[in-house]
There are 4 protein chains.
Amino acid sequence: MATDRAAGRPRDRRTHEAIVSATEEMIMLHGYAGTSINAIASRAGVGKDAIYRRWPGKPELVYEALFARVDTGPVPDTGTLAGDVAQLTQALVDEFATPAATAALPGLLADFAADPALRTRLRSAFLAPARARMVEIFDRAGARGEIAGTAQVDLILDTLAGAVFFHVGLMGEPRTAELAAQLADIVTTGIGTR
Amino acid sequence: MATDRAAGRPRDRRTHEAIVSATEEMIMLHGYAGTSINAIASRAGVGKDAIYRRWPGKPELVYEALFARVDTGPVPDTGTLAGDVAQLTQALVDEFATPAATAALPGLLADFAADPALRTRLRSAFLAPARARMVEIFDRAGARGEIAGTAQVDLILDTLAGAVFFHVGLMGEPRTAELAAQLADIVTTGIGTR
Amino acid sequence: MATDRAAGRPRDRRTHEAIVSATEEMIMLHGYAGTSINAIASRAGVGKDAIYRRWPGKPELVYEALFARVDTGPVPDTGTLAGDVAQLTQALVDEFATPAATAALPGLLADFAADPALRTRLRSAFLAPARARMVEIFDRAGARGEIAGTAQVDLILDTLAGAVFFHVGLMGEPRTAELAAQLADIVTTGIGTR
Amino acid sequence: MATDRAAGRPRDRRTHEAIVSATEEMIMLHGYAGTSINAIASRAGVGKDAIYRRWPGKPELVYEALFARVDTGPVPDTGTLAGDVAQLTQALVDEFATPAATAALPGLLADFAADPALRTRLRSAFLAPARARMVEIFDRAGARGEIAGTAQVDLILDTLAGAVFFHVGLMGEPRTAELAAQLADIVTTGIGTR
DNA sequence: GCTTAACCGAGACGGTACGTCTCGTCTTATC
DNA sequence: GATAAGACGAGACGTACCGTCTCGGTTAAGC
């Protein structure tokens, strides 16, 4: 019976964690552009090779350090499309509007968009959990008869994510408690009805 | 009697234009990150100082080369809020979803967001024309009784701009003819009515 | 009574040979500087530790792989000092002017000279066999009355070795068949008499 | 009439000198292998580019810093070949057996020998002044009838230089006052006559 | 036949140097 | 004083080796 075990000395889990932690700290302290691989390695007490062995470059490392959390929460199910969208939007706010995300996202998205290899992963990297939930939410809404036909999930999701990113991440508007509700309201019932 | 005329040799207007043109070309050819001040100067047949004398850095230069067009078109006035918003959204698409803008915006917005001095100018730099129009549109809609109370202009504008930027600029979705109409529809009448 | 036998698994003789062979090949193919321990280990199908267990570093390994041949030939005895020196010089040419030696010697001597621990072994490592022979040759020449007093063996040997190394090893002069005879002639009878 | 003057800011002579001085000091303090371009730049208070703008790499820089002195002394003319060779040999000792040369030469010659582009320059770089003098010395000796036929200048020069390098530079033998005279004696009158 | 200890291939580890690139400033001679 | 050219100090980039270490596994000698 062959083993799956890779040959050679196994990678040290603590090295991985030290790099990820140092990355997170550097981003919070000095922003995305002010964070260099050298500085991360130095702060983590690690050689540069230990980083390049695991990640191809800064974008992938920062992405994993800040955004690769597996989303395990339950899918919203409030009984109405408006309520479900509001909860999902709140999740987007929670993901995109944290101090660390605000510090990293503009530069990180720019690097992802600039590299052809990363560009294809943009949606799956940053919106995958939200998208799966949104599909389910709209399926249920369709079953209830709330909406007719096929909803444009990607466009609506991009609208919500873009709104959060632009409003809080770029423009730096204070993240008011009602933001998610207002955004959800806009896309579900429209401006005119408020 | 003092003259406004600066002492010494006046700046050459063609130098300015050569720099702006070279910047535009470089951005289209090599993207934002692949465009260096050195390369712009070289392509424009100009010294680096001629650039730094006019702009503090790459972000300001690229911004002026690609986005500082004065918007002189008439404010939309279709008679309905929905129609006006649709036209305004189309203007946003025209501005944010061109090939040059797609190539420059992610990196440019990242640089603006990273620099405290530029950060404060984000809204005025990229959304100023649209914002003035939107205020007028909503004022008229309020006068017609279409909406009640004060509309949250900035949030709605960020939503529209964020949607365009995220959907086309980052995710690379095709810029379809109906995009502006669909987006305007989402924010004015909501998802449910489609 | 303790045995000299080391505990544990004995070293594999084939590992040793594979390393030495790979070293020789790498030196011939890529030169001294272009030969890394990593590459030797890889070519030999061996782990790096198998090398470092046997040699402290690249200089010692390359030295053993290329120069540690035991010299078992007979001491020259032609009846005249000139004849004996000619034969001994030929042996130096044979040792220093081979393709492998030419590829390795400059870098190898530099590493030996740079490391204090190796520096003391320079003469014994590279000139030991020739020196022993030379002492005998000069003893016989003194007994025959060919020379008077104590000959400066080291200086003469360094002159011969330096000449071979400089002329062929560094300057890359073609190794003509008469080289050894000419050199021996120079140091025994002087320039003027040719 | 066009000027030969290069465009742009001229290179600062003091930068050049600072680099050369720092190189000399580093070599004396830490040897050839222990001298990095980074450390030279740092000690000279200079950016790395200022070095790479002037020299292709460490070998060329160190060569210029330590050996590129123009030899302006008069050609020896003592009236005898032996006397002239003795003086020329003394010049070789003066060049090759200084502390700085001893620290740099082994590694420097190895780097020159390893690089095809530098290899061709070995003789002209390190032996040019001595060779021109030797040709003249031998010409005069021929005119005086001291020697017959064509002397093998390169071989004799390599022998002398190799002897000095090997004896003092590599083996670390003390550089005695009589060294040059002894070497010259060996090559001119042979071992036997001493 | 079990234990023990050094060997083995593989490759991760913290460091260090490399040579290239870009940044924004500065220093020339020329216009 | 603006200009084109390009030198300048600084420092990040990603690559290559260094010599050590840590795995799972192998191979003999000594009990």
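Start by selecting DNA strand E in this predicted model, together with the residues near the strand (a residue is near if one of its heavy atoms lies within 4 Å). There are 44 residues around DNA strand E, and those that come nearest are A:Arg53, A:Arg54, B:Asp49, C:Arg53 and D:Tyr52. Colour the strand by sugar, phosphate and base: 62% of the atoms of DNA strand E within 4 Å of the protein belong to sugar or phosphate, and the rest to bases.

A note on conventions: residues are numbered from 1 along each chain as its sequence is written, while chains are lettered from A and ligands numbered from 1 in the order in which they are written. Local features need pLDDT of at least 70, side-chain atom pairs count only at pLDDT 80 or more, totals for chains, interfaces and linings use all residues, and side-chain values use heavy atoms, with hydrogens and water left out.

**Contacts to strand E**

Show the polar contacts next (here, a pair of N or O atoms within 3.5 Å; within protein, one must be able to donate a hydrogen and the other to accept it, and residues adjacent in sequence count only if both atoms are side-chain atoms). Select C:Arg53: one of its polar side-chain atoms is 2.3 Å from a phosphate oxygen of DNA strand E. At A:Asp12, a backbone N or O atom lies 3.0 Å from a phosphate oxygen of this strand. A:Gly47 also uses a backbone N or O atom, 3.3 Å from a phosphate oxygen of DNA strand E.

Now switch to cartoon (helices are DSSP runs of H or I with at least four residues, strands are runs of E with at least two, and both are numbered from the N terminus). Two or more residues of the surface near DNA strand E come from each of these: helix H3 (48-52) of chain A, and helix H2 (37-44) and helix H3 (48-52) of both chain B and chain D. Coloured by class, this surface has 13 nonpolar, 13 polar and 18 charged residues. Here Ala, Val, Leu, Ile, Met, Phe, Trp, Tyr, Cys and Pro count as nonpolar, Asp, Glu, Lys and Arg as charged, and the others, Gly among them, as polar.

**Strand F**

Select DNA strand F. Of the 44 residues around this strand, A:Tyr52, B:Arg53, C:Asp49, C:Tyr52 and D:Gly8 come nearest. Sugar and phosphate make up 63% of the atoms of DNA strand F that come within 4 Å of the protein.

Which part of DNA strand F lies 2.6 Å from an N or O atom in the side chain of C:Asp49? A base nitrogen does. For phosphate, go to A:Ile37, where a backbone N or O atom is 3.1 Å from a phosphate oxygen of DNA strand F, and then to D:Gly47, where a polar backbone atom is 3.2 Å from one. The residues of the surface near DNA strand F divide into 13 nonpolar, 13 polar and 18 charged.

**Chain A alone**

Hide everything but chain A. It has 10 helices and zero strands, and its C-alpha trace spans about 60 × 50 × 30 Å along its principal axes. Of its 194 residues, 47% count as buried (under 20% relative accessible area; exposed is over 50%, partly exposed in between; 1.4 Å probe, protein chains only).

**Chain B: a helix and an aspartate**

Bring back chain B and select helix H4 (residues 58-67). Nine of its 10 residues are buried, so this helix is largely enclosed by the rest of the structure. The buried ones include B:Lys58, B:Glu60, B:Tyr63 and B:Phe67.

Move on to B:Asp158, in helix H9 (residues 153-170) of chain B. Is B:Asp158 buried or exposed? Its relative accessibility is 0%, so B:Asp158 counts as buried. Leaving out residues up to four places away in sequence, B:Asp158 is in contact (heavy atoms within 4.5 Å) with residues including A:Phe166, A:His167, A:Met171, B:Arg123 and B:Leu127.

**Cores and copies**

Show all chains. The largest nonpolar core (buried Ala, Val, Leu, Ile, Met, Phe, Trp, Tyr and Cys residues joined through side-chain atoms within 4.5 Å) has 106 residues, and C:Phe126 and D:Phe126 have the most contacts inside it. Apart from it lies another core, of 102 residues, among them A:Leu108, A:Val187, B:Ala130 and B:Ile137.

Finally, superpose chain D on chain C: this takes a rotation of 180 degrees with 0.0 Å of shift along its axis, at RMSD 0.2 Å, by least squares on the C-alpha atoms of residues with pLDDT of at least 70 in both. The two copies are therefore related as by a two-fold rotation axis. Chain B and chain D have no contact, and their closest C-alpha atoms are 10 Å apart.
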